[in-house]
Every structure is written in structure tokens, then in C-alpha cells.
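Here is a short briefing on one protein chain. Please keep the sequence and the 3D view open while reading.

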Amino acid sequence: MTQVNKERMLAEFKEIVALPCHSLQERPVFELLKGKLEALGFTVEEDFLQRNADYYGAAAYKSAFDEKTLGGNCGNLWAFLPASAGVEGAVRVLLSAHMDGVEPCGGTTVIQKDGVLYSDGTTILGGDDKSGVEGILEGIRLLLEEGAPHGDIQILFTVCEEGVASTALSCVRTLAMHWTAKAHRARLLSALPARRNIKSTLSAEPRMADWSRKRASTLL
């Protein structure tokens, strides 16, 4: 089995955290990751919420989630890699992390001491969530280097997780959430630093989910 390339991971982590990554100002990180994913064979799209809101034609949805409301200099990054030949029916996988960081972030200088990574003290290190970004990139490289068969792979790198907890997505393209169901109701609890309860109603041919956002302390 192919082993993780620690030197490659360290170098790439340093490369990513060196970029400005303020919430709603993630463009430098977006462009870097776009180039890396395209080099690995992915098709990359930028999820500008305005475009998809117009497509769905839902006024309430558009006012709540369009790009003008969210602001910022780039959208979410969606990347797609088709399944290997012969396994097109395999389970589809979605991997996700976010591109922004808490303040002070961006322009991080990484210092390595006794096997531990630190910032130089003027910024955060950026492990949240660049370690997640790097883990996804390295995992994909290992899969491709090994030549292992795989189903469709989707990657979602989101903007403004530290601001609105990545809730402003125009759509979810595959099921990548753990649901717990009781009677006729389902509950989704996302991770920190923010938490949302999401209620969805699905039809036979769903165009949109019926989203309801409540206080984090309120269970559906």
C-alpha cells in the first residue's frame, strides 16, 4: 500500500497557510486549490450562489442565500472526478473542508520545532482547516498513485465557514451526512465551531429542500 509522503504534505501545508484566507476573501486559496485539483484530473466549478438561485427561481431562497447577500471575492469550490472504468456504479464519496480561517490568519510563517508545527506568533497556524484540506489532497494523490478503483469523487471546499458555518451552499450534490431518524423525522447535527439544525422535506423529484434554520440549542 502506498505510504503517505510526509515531506510533500508538510511542504504543501506551508504553501497553503502562507496565503491570505480571511472569511469572504478566500480567492488566493481557491485559485491554488483549483490548480492542484485540475492537475489531479478533477473538473472544478465555482459555486456562485447567485447563479443557482436564478436557476431555481425561488425568491425566498435567493434572498437568503445568493452571492450578493453573502458577499466575498469567490464562491465555494466544487471538484469532480468520475469513477474508474468498470466501477461506475460504486458509492459516490464527498470530501469537504473549508478555505477560510479565524483571525489573525493568512501569511502564516510555519516554524517546526521538535516535530511540532507552530506559527511565528503573528498569526494563527491555520490547522483549522488547512490540515483538513491537505489531508484530502494527499489522500486523493495516494489513491491515484496506487491506481485503486474508485467511484465518483466529489470535493467541496467552502467559503466563510468561520462566518456562517458553510450554510450558504446553492445545492448538495450527493449524500455525505450522517442522519439519525426517529418516526417520520430526521435530525442532522453539524460540527463546531457553529451548529445548525436542518429540516428537509424531500419529494419524488426534489427541486429544493425545505430548509428551516433554528437556534443551535433547539432540536427538531
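Val29, Phe30, Leu32, Leu33, Lys36 and Leu37 are the buried residues to look at in helix α2. Seen down the axis of α2, its buried residues fall within an arc of 170°, so they line one face of the helix. The model is predicted. The points below start with the whole protein, then go through two helices and two loop residues.

**Whole protein**
- The protein has seven helices and eight strands.
- It has 220 residues, and 37% of them count as buried.
- Take the contacts with a separation of 6 or more: residues 24 or more positions apart account for 70% of them.

**Helix α2**
- Helix α2 runs over residues 27-39, which is 13 residues.
- At 1.5 Å a residue α2 should span 18 Å, and its end C-alpha atoms are 18 Å apart, so the two values agree.
- The cover over the buried residues of α2 includes two helices, α1 (6-17) and α6 (127-146).
- Strands β1 (43-47), β2 (76-81) and β6 (153-158) are also among the elements that cover them.
- Gly41 follows α2 and has a positive phi, near 100°.

**Helix α6**
- Helix α6 has 20 residues.
- From first C-alpha to last, α6 reaches 27 Å, close to the 28 Å expected at 1.5 Å a residue.
- Its buried residues include the charged side chains Asp129, Lys130, Glu134, Glu138 and Arg141.
- Val133, Ile136, Leu137, Ile140 and Leu142 are buried in α6 as well.
- The buried residues of α6 pack against α1, α2, β3 and β6.
- Just after α6 comes Gly147, with a positive phi of about 75°.

**Ala148, after α6**
- Ala148 sits in the loop between α6 and β6.
- Leaving aside residues up to four places away in sequence, Ala148 touches Ser84 and Leu143.
- Ala148 and Ser84 are 64 residues apart in sequence, yet their C-alpha atoms are 8.5 Å apart in space.

**Asp100, a buried acid**
- Asp100 lies in the loop between β3 (93-98) and β4 (110-113).
- Which side chain of opposite charge is nearest to Asp100? It is Lys130, 6.7 Å away.
- A salt bridge needs a nitrogen-to-oxygen distance within 4 Å, and Asp100 has none although it is buried.
- Lys130 is itself one of the buried residues of α6.
- Asp100 does have a polar partner: a polar atom of its side chain lies 2.9 Å from the backbone nitrogen of Glu162.

Technical notes
Residues numbered from 1 in each chain as written. Predicted model: local features only at pLDDT ≥ 70, side-chain atom pairs only at ≥ 80, totals over all residues. Heavy atoms only, no water. Helix = DSSP H or I, 4+ residues; strand = E, 2+ residues; numbered from the N terminus. Expected span 1.5 Å × (residues − 1). Buried < 20%, exposed > 50% of the residue type's maximum accessible area, 1.4 Å probe, protein only. Arc of directions from axis to C-beta. Contact = heavy atoms within 4.5 Å. Polar contact = N/O pair within 3.5 Å; in protein donor to acceptor, adjacent residues only side chain to side chain.
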